[in-house]
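Let's take a walk through this protein chain together. Have the picture open while you read, and look for each residue as it comes up.

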Amino acid sequence: MFAADADFSRAHTANERFGGPAPLGHSFNLKNPTRADRVGRDYIGMKEQKEIVSIIDDLIKTLKDGEEGFEQAADGVKDPQLKSLFSEYSRQRSRFVTELQQQVHDLGEPEPETSTSAAGALHRGWINLKSVVTGGDDHAILAECERGEDSAVEEYKKALDDDLSQPLYELLSRQYTDIKAAHDRVRNLRDTRKT
């Protein structure tokens with residue numbers, strides 16, 4: 001219990017003993033706190049809302065890069081199984097974007113991230129894909145996809161190290177598991193197709 005909580009609790013107990021009203025009309029019994037009692041207590045140490053939205057927006061940009069990158073890769077590979085796999089990963093990234101945009105809305109922000117930039121794509125590893133796709137080499141396309149996915153894995157690790165609410169942490173953790181699995185599968189496919 002924080003020192004301020006102890007002082008508040010003692011003041012409340014003394015106030016009740018002498019017939020006065022409870023401060024703010026709330027019970028500060030920490031063994032069974034009301035929602036109002038938890039505000040400010042459960043979230044002490046958590047990031048400010050704007051910082052959380054910024055983290056989510058960065059992940060949305062990363063996912064949008066992956067969505068577009070996998071779509072380009074699907075168009076560029078010859079192998080029908082790779083086409084199907086890349087198309088599925090592109091749709092998966094789109095679903096993840098929608099989930100994160102909903103989180104931003106739930107945080108009260110009207111405008112979640114909806115796009116990406118060339119500079120961001122360069123930073124996140126997908127920018128070289130266009131030139132590789134035109135060559136039509138499945139191994140080279142897989143290598144560029146893996147490079148893009150390296151960045152996605154790192155972005156999610158960084159986000160998961162932040163102080164997030166439990167529901168957001170669980171959502172990002174689930175998405176991270178799928179992204180890491182996709183990364184590993186792309187890496188393994190690249191290794192089996194070395195020229």
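## Starting with Arg 190

If you skip its neighbours within four places in sequence, Arg 190 is in contact with His 139, Leu 142, Ala 143 and Glu 146. Keep in mind that you're looking at a predicted model. You'll find Arg 190 in helix α8. Is Arg 190 buried or exposed? Its relative accessibility is 18%, and buried means under 20%, so Arg 190 counts as buried.

One of those contacts deserves a second look. The side chains of Glu 146 and Arg 190 form a salt bridge, with N and O 2.1 Å apart. This pair ties together distant parts of the chain: Glu 146 sits in helix α7 and Arg 190 in helix α8, 44 residues apart. Both partners, Glu 146 and Arg 190, are buried. Arg 190 also has a polar contact of 2.4 Å, side chain to side chain, with Asp 191.

## The whole chain

Now zoom out. How many helices and strands are there in the chain? There are 8 helices and 0 strands, so reading along the sequence just gives you α-α-α-α-α-α-α-α. The chain has 195 residues, and buried ones make up 41% of them.

What about contacts between parts that are far apart in sequence? Take the contacts with a separation of 6 or more: 69% of them are between residues 24 or more positions apart. As for the outside, the accessible surface of the chain comes to about 11,100 Å², and carbon and sulfur atoms account for 50% of that.

## Helix α4 from end to end

Next, find helix α4, which covers residues 80–106. It has 27 residues and stretches 39 Å from its first C-alpha to its last, close to the 39 Å expected at 1.5 Å a residue. At the start of α4, a side-chain oxygen of Asp 79 comes to within 2.6 Å of the backbone nitrogen of Gln 81. Past the other end, α4 is followed by Gly 108, which has a positive phi, near 90°.

Which residues of α4 are buried? They are Leu 82, Leu 85, Phe 86, Tyr 89, Ser 90, Gln 92, Arg 93, Phe 96, Val 97, Leu 100, Gln 101 and Val 104. Try highlighting them, then look at what they touch: the buried residues of α4 pack against α3 (49–76), α7 (138–160) and α8 (166–192).

## Charged pairs

Side chains of opposite charge can pair when their charged atoms come close. In this chain the count comes to 13 salt bridges. Helix α4 offers a couple of nice examples. Arg 95 and Glu 88 meet through their side chains in a salt bridge of 3.3 Å, N to O. Arg 95 counts as partly exposed because its relative accessibility is 43%, and Glu 88 is partly exposed too, with a relative accessible area of 31%. Add Arg 91 and you get a network of salt bridges linking Glu 88, Arg 91 and Arg 95.

The side chains of Glu 99 and Arg 174 make another salt bridge, this one at 2.9 Å, N to O. Here too, the pair joins distant parts of the chain: Glu 99 is in helix α4 and Arg 174 in helix α8, 75 residues apart. How covered are the two partners? Glu 99 is partly exposed at a relative accessible area of 27%, and Arg 174 is partly exposed at 37%.

## Two more stops around α8

Glu 170 is also in helix α8. Its relative accessible area is 46%, so Glu 170 is partly exposed. Compare its place in the sequence with its place in space: Glu 170 and Leu 160 are 10 residues apart along the chain, and their C-alpha atoms are 9.3 Å apart.

Finish at Arg 193, in the segment after α8. Arg 193 is partly exposed, as its relative accessible area is 27%. Which residues does Arg 193 contact, leaving aside its neighbours within four places in sequence? They are Asp 79, Leu 82, Asp 138, His 139 and Leu 142. His 139 is worth a closer look: it lies 54 residues from Arg 193 along the chain, yet their C-alpha atoms are separated by 5.7 Å. You've met His 139 before, as one of the contacts of Arg 190. Leu 82 is familiar as well, being one of the buried residues of α4.

Conventions:
Residues numbered from 1 in each chain as written. Predicted model: local features only at pLDDT ≥ 70, side-chain atom pairs only at ≥ 80, totals over all residues. Heavy atoms only, no water. Helix = DSSP H or I, 4+ residues; strand = E, 2+ residues; numbered from the N terminus. Expected span 1.5 Å × (residues − 1). Buried < 20%, exposed > 50% of the residue type's maximum accessible area, 1.4 Å probe, protein only. Contact = heavy atoms within 4.5 Å. Polar contact = N/O pair within 3.5 Å; in protein donor to acceptor, adjacent residues only side chain to side chain. Salt bridge = Lys/Arg side-chain N within 4 Å of Asp/Glu carboxyl O. Areas by Shrake-Rupley, 256 points an atom, 1.4 Å probe, with all protein chains shown as cover.
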